[in-house]
Amino acid sequence: MRKKIIAGNWKMNVKPSETAALVKAVAEATKQYGNVEIVCCTPAIDVPAAVAAAAGTQVGIGTENCHWKDSGAYTGEISTGMIVDSGAKYVIVGHSERRQYFGETDETVNLRARAAIAAGLTTMVCVGETLEEREAGKLVEVIERQMNVGLKDVTAADCAKLVIAYEPVWAIGTGKTATPDQAQEVHALIRATLAKLVGAETAETVRIQYGGSMKPGNAAELLAKKDIDGGLIGGAALKAADFAGIIAAAANA
Ligand code: PGA
């Protein structure tokens, strides 16, 4: 049994002074859902406030990116060691917005993912096709490339810290959700591709989140699918009640 994981991706939306209130509201609204792993991934500058507010609750804290080097002249970046030292336990790697706006490639996703896993962080590696790629019939090719290059040299043992997020780019922040069948089809492809990399038995243990306009109203039908093991939530993670609604759906799935 794969424990469902619902992670919020706050993106660039919440100030340090607003952080404690949101984390505490999430913790309060989701107390009864002990069978779901609950995470808030925040801007790095919010992490100290988020970790303090989450102390003693069921909510875990993560960041939205990390660098692969331990330290050095990398202005603006944060290392996995810094993340661990701050008390965060999760990180998102390779989000499509990083790929689209900040030059992230499958190769740098791989470097970041391996560094994060080596540091002991639960690492959510994002994959997903654009609408253009889907319409050109390149869905399988794109997902396989993102998986094969992004997870190169990730071992079966590393998979204990690996979560994969399927986020069709055309569904992110657009209100357009993949149908449960569309999502399941790609989740199954992701698991099959992972099985070729690390073995079928290990691939069965890895959680695959869906992301892209997930909300309380559509979470249950997505989470009912065999290979959908959670969600990576943008907009709906900014309101505790909406986020809790998705977590409730996961708890009952
Ligand atoms: P969304 O974002 O839920 O606002 O579509 C999801 C994500 O980008 O992780």
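This report describes the fold of a predicted model and the surroundings of its ligand.

**The chain**

Eleven helices and eight strands make up the secondary structure elements of the chain. With a radius of gyration of 17 Å, close to the 18 Å that the globule rule gives for 253 residues, the chain is as compact as a globular protein of that length. The C-alpha trace spans about 45 × 45 × 35 Å along its principal axes.

**The ligand site**

Where does the ligand sit? The second largest pocket holds the ligand. Around the ligand there are 13 residues, and the closest are Lys11, His95, Glu167, Gly173 and Ser213. By type, the shell around the ligand consists of four nonpolar, seven polar and two charged residues.

For three of the closest residues, a distance from a side-chain N or O atom to an oxygen atom of the ligand is listed in the table below.

| Residue | Atom in the residue | Atom in the ligand | Distance |
|---|---|---|---|
| Lys11 | polar side-chain atom | oxygen | 2.7 Å |
| His95 | side-chain N or O atom | oxygen | 2.7 Å |
| Glu167 | side-chain N or O atom | oxygen | 2.7 Å |

How much of the ligand surface does the protein bury? Taken alone, the ligand exposes 280 Å², and the protein buries 94% of that area.

To bring the site together: the ligand lies in the second largest pocket, has a shell of four nonpolar, seven polar and two charged residues, and has 94% of its exposed area buried by the protein.

Notes:
Residues are numbered from 1 along each chain as its sequence is written. This is a predicted model: local features need pLDDT of at least 70, side-chain atom pairs count only at pLDDT 80 or more; totals for chains, interfaces and linings use all residues. Side-chain values use heavy atoms; hydrogens and water are left out. A residue is near a molecule or strand if one of its heavy atoms lies within 4 Å of it. A polar contact is a pair of N or O atoms within 3.5 Å; within protein, one must be able to donate a hydrogen and the other to accept it, and residues adjacent in sequence count only if both atoms are side-chain atoms. Accessible areas come from the Shrake-Rupley method with a 1.4 Å probe; for residues, only the protein chains shown count as cover. On a 1 Å grid over the protein atoms alone, a cavity is a set of points where a 1.4 Å probe fits but cannot get out, and a pocket is an open set with protein on both sides within 12 Å along at least five of seven lines; lining residues have an atom within 4 Å of a point. A molecule sits in a cavity or pocket if more than half of its atoms lie within 2 Å of its grid points. Ala, Val, Leu, Ile, Met, Phe, Trp, Tyr, Cys and Pro count as nonpolar, Asp, Glu, Lys and Arg as charged, and the others, Gly among them, as polar. Helices (H or I, at least four residues) and strands (E, at least two) are DSSP runs, numbered from the N terminus. The radius of gyration is taken over C-alpha atoms; the globule rule is 2.2 Å times the number of residues to the power 0.38.
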